[in-house]
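Please look over the structure below. This report walks through selected features of its fold and side-chain packing.

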Amino acid sequence: MQSAGAAVAGRIRARAADRGSSAQGRGLLRLLLPILPFWLLDLTLRAATDSGAYYALYAAAPNLFSLGFGALFTALALLLPRRRGRVLYGAIYALWAVYAVVQYGVWRIFDRFLFLSDFLFAGEGLDFAGYARQLIDGRFVLVVLLFVLWGALGVRALPADVPRRRACPGLVLCFAVTQLAAPQLYAAVPETLDWDAWESSGYEYERFSSSAYDLALTGPYQFVLRDAWLSVAPDGDAQNQLAAIDEFFSARAAHQDNAMTGLLAGKNLILVQLESIDDFVLNEQNTPTLARLQSEGINFSEFYTSQYSNGYTFNTEFAAQTGVYPYANGNVAYSLSRSAFPDAMGSLFEDAGYTANSFHKSEAKFYNRGAMHQAFGYEQYYSALDHADSEMQANVDEFLVDCDALYERMVAQTPFLSFLITYSGHLGYDEADALTTYALEQYPEYQDDSRPYEINGLFAKARLTDDLFARLLERLEQDGLLEDTVICVYDDHYAYGLTDRTVLEAYSDAAGGRLLERTPCFIWYEGCTPMTVDKTLQTVDLLPTLANLFGLPAPRTMGQDAFDPAYEGYAIFPDGTWLNDKAYVKNGAVVWNEGMTDAEIAEMTAYARRFQQIGDAILDTDYYSALE
């Protein structure tokens, strides 16, 4: 009887143990369910933005990061009673869902994501509000609905009766373990950063400069955390950075005077940065005045505007004015206004006795231009909004010259450097954009039903910009200034504001561009012998080229003089992609090659990485302040 009783008791204990084990399993499952929506949000965002092209969607590191953050957010919600916990869980998830929608929309426009510092440009984002509506298609709606679905499932799945004292510390521990373990899963950082360093996921995780690659590596949650940490982490050894900069410049051949040196010495300069006047936009039909000046002047036919970070207009502005590219990860408009730029455009010309001022539609606080232009050496920044009767009047570029108060400040004292930034070509180009409607009313011949409406809007807006140049030439001639004035024109970026990428690429291909980033750049003055310079050039080359033409001291910049025979010419992009007259290498892979050896390709690829590192070091260390 005792043995039979013992057997029964044993079976009872076994069943109880099984039930306990089953209950524990169900408990773990119930904790896992509210974690999964955060992972699903990440996976949906990475899949929708083709992140798998950079780093596999199934790779362990980003998925571990997102599961770890899901555990942390679930733990926070479980600290409260179920009803309030659900509210907190929903609020946390909603915040990340909104962030994901914003990043998805940005990716649709720019093919990249926003770093935290880019959110400082939120004011510019308001200009994209109408444009963003055009992005809402079936795919966009599906992505947003998936985000909402995952959140609803998570709120519903949050358990009510779990042992919080054990569950919450366990979930936080899971988060901590993923933070430690996931980075170890990236490829090792090469001991020597050769041309193929870009292939190392560990190298990019440390560097964190390519937003598309970085979000693919980490998922959105770690992307934000890593970005925030690097924003406040102490800089590297400044002395080593300064030594590396000096070594870079000393290894580069010194500037050589050439047949163009001093050709324009003493003349006035009107420097104009165009807004979205792409190479296929500038032609005799759309911009007759600009086309004439381009054909009569010195035309740089292979000029590329490398796009660093966001706020493309100002980043190109910064590169052209300083000869240094802004950070690929970060902003310069709000962080470098107190840095020294003694070799910037305004400073160089003012040192030579010029009066230098700048002019644009926007207020001085926009992109912090009031402070930044003074850092570039300009005496004053003038906004058309301060003189116009309405914003629409200020939006029309011709107003910069028609307004006597602005024009007189451009030409009041000679010699002068006047920097104009146009606006009329700004996106959007659809029916919802008031300036597009105005441009098509002024020039109804661009209402061509055989073309996409956006192309008509783009071309009509370009004509408004062309009117500025027609009026400028007229007023300069009336005042007897035209003969002694040089006009230099370059573009801020290609016409990325066209929402249909295939249309943009088709028009760009038709214009003969090797890359979308090829944009117009030329110099005109009366009596100029027409010339085409087909050397591959980039935005930072503009400053040293103008300095050479005007006989100013060669600036210490990342760019080089287009006419220097020792400079072969190239364009370098923030992800290490580079282009020269012989080859195009994208992310370390040779796209086309017309005569370079493998060794030369490897050397140039390594140089492209070094180029960006030195540029960042110049900004990190305020390099020019020591030279000043």
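The sections below cover a sheet, one of its strands, aromatic contacts and a surface patch.

## Model and sheet

The model is predicted. It contains an open sheet of eight strands. Their order is β5-β4-β6-β1-β7-β8-β2-β9, and the pairing is mixed.

Strands β5 (380-383) and β9 (531-533) stand at the edges. Each has a single partner strand, so one side of each is left without a neighbour in the sheet. On average, neighbouring strands of this sheet are turned by 15 degrees against each other, direction ignored.

## Strand β7 and its partners

In the strand order, β7 sits between β1 and β8. Strand β1 (residues 268-274) pairs with β7 in the parallel sense, over seven bridges. Within this pairing, Leu274 stands opposite Asp491 of β7.

On the other side, β7 (residues 485-491) and β8 (residues 521-524) run antiparallel. Four bridges join them. Ile487 stands opposite Trp524 in β8. Val489 has Phe522 of β8 as its bridge partner.

## Burial of β7

How many residues of β7 are buried? Seven of the seven are, so the strand is largely enclosed by the rest of the structure.

In a regular strand, side chains alternate between the two faces of the sheet. Both faces of β7 are covered. One side carries Thr485, Ile487, Val489 and Asp491. The other carries Val486, Cys488 and Tyr490. The residues on both sides are all buried.

## Aromatic contacts

A search of the whole structure finds 46 aromatic pairs. One of them joins Phe69 and Phe73. This pair is tilted, at 5.9 Å centre to centre and 45 degrees between the planes. Both residues lie in helix α3 (residues 60-78). They are four residues apart, about one turn of the helix.

Are Phe69 and Phe73 buried or exposed? The cut-off for burial is under 20% relative accessible area. Phe69 has 7%, so it counts as buried. Phe73 has 9%, so it is buried too. Phe73 also pairs with Tyr221. That contact is edge-to-face, at 5.9 Å centre to centre and 75 degrees between the planes. Phe73 lies in helix α3 and Tyr221 in helix α10 (residues 211-232), so the pair ties together parts that are 148 residues apart in sequence. Tyr221 is buried, with a relative accessible area of 1%.

## Aromatic cluster

Aromatic residues also group into one cluster elsewhere in the sequence. Its Phe members are Phe248, Phe249, Phe318, Phe341, Phe376 and Phe611. Its Tyr members are Tyr325, Tyr567, Tyr570, Tyr607, Tyr623 and Tyr624.

## A nonpolar surface patch

Which residues form a nonpolar patch on the surface? They are Val98, Val102, Leu116 and Phe119. Together they have about 310 Å² of accessible area.

Val102 is found in helix α4 (residues 82-110). Its relative accessible area is 35%. Patch members need over 30%. Exposed residues need over 50%. Val102 at 35% is therefore partly exposed.

Key
Residues numbered from 1 in each chain as written. Predicted model: local features only at pLDDT ≥ 70, side-chain atom pairs only at ≥ 80, totals over all residues. Heavy atoms only, no water. Patch = residues over 30% accessible without salt bridge, like charges linked within 9 Å, V, L, I, M, F, W, Y side chains within 5 Å. Areas by Shrake-Rupley, 256 points an atom, 1.4 Å probe, with all protein chains shown as cover. Salt bridge = Lys/Arg side-chain N within 4 Å of Asp/Glu carboxyl O. Helix = DSSP H or I, 4+ residues; strand = E, 2+ residues; numbered from the N terminus. Buried < 20%, exposed > 50% of the residue type's maximum accessible area, 1.4 Å probe, protein only. Pairing = 2+ DSSP bridges. Axes fitted to C-alpha atoms, helices over the stretch in contact; angles between N-to-C directions. Phe/Tyr/Trp six-rings, centres within 6.5 Å; stacked < 30°, edge-to-face > 60°.
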